Amino acid sequence: MLTEELEKLALSLPGTQENAHFGTRDFRVGKRIFMSLPEAGRAVFKFTPDQQRMLLEMEPGVCAAVPGGWGERGWTSFYFVDADEELVRQSMETAWRNVAPKSLVKKNGGA
């Protein structure tokens, strides 16, 4: 998957806007970030710690916990270039649901 495809997918999720913090592009719903693009070929998704553990077990070559406290809170590096497109889509939607207002998630059938 290309960066442009990832961006387009993120912006297709309801209420998503592109922004930036600490010089890094991010995608958020309201003020809450669900994905950032810190470098070419890597996205960082907002998962719960349990979601992160499951993904790290299932996809160790594609995913890695962000070092330090951010990773302990579920932030996960996702190397998307060679990843399965369906896995990328599902992971992004999960991250979106984790931060989107419950009313927006419900209105959109959970994304």
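A residue counts as buried when its relative accessible area is under 20%, as exposed when this is over 50%, and as partly exposed in between, using a 1.4 Å probe and protein chains only. The exercises concern a predicted model, in which local features need pLDDT of at least 70, side-chain atom pairs count only at pLDDT 80 or more, and totals for chains, interfaces and linings use all residues. Residues are numbered from 1 along each chain as its sequence is written, and side-chain values use heavy atoms, with hydrogens and water left out.

**Exercise 1.** Decide whether Phe-22 is buried or exposed, and describe its backbone.

Solution. Phe-22 has 81% relative accessibility, and therefore counts as exposed. Next, find its place: Phe-22 lies in the loop between strand S1 (16–21) and strand S2 (24–29), where strands are DSSP runs of E with at least two residues and helices are runs of H or I with at least four, numbered from the N terminus. Finally, look at the backbone: most residues other than glycine have a negative phi. Phe-22, although not a glycine, has a positive phi of about 50°.

**Exercise 2.** Work out how the strands are arranged in the sheet, and which of them stand at the edges.

Solution. Begin with the order, which is S1-S2-S3-S4-S6-S5 in an open sheet of six strands with antiparallel pairing; two strands pair if DSSP finds at least two bridges between them. S1 and strand S5 (63–65) each have a single partner strand, so they stand at the edges, with one side of each left without a neighbour in the sheet. Then take one pair in detail: S2 and strand S3 (residues 32–39) are joined in the antiparallel sense over five bridges, and Phe-27 has Met-35 in S3 as its bridge partner.

**Exercise 3.** Classify the aromatic pair of Phe-45 and Phe-47 and that of Trp-70 and Trp-75.

Solution. Rings of Phe, Tyr and Trp (its six-membered ring) pair if their centres lie within 6.5 Å, and planes under 30 degrees apart count as stacked, over 60 as edge-to-face and the rest as tilted. Phe-45 and Phe-47 are 5.8 Å apart, centre to centre, with 55° between the planes, which makes the pair tilted. Trp-70 and Trp-75, at 6.2 Å centre to centre and 75° between the planes, form an edge-to-face pair. As a last step, compare accessibility: Phe-45 is buried at 0%, and Phe-47 is buried at 3%. Trp-75 is buried at 13%, whereas Trp-70, at 49%, is partly exposed.
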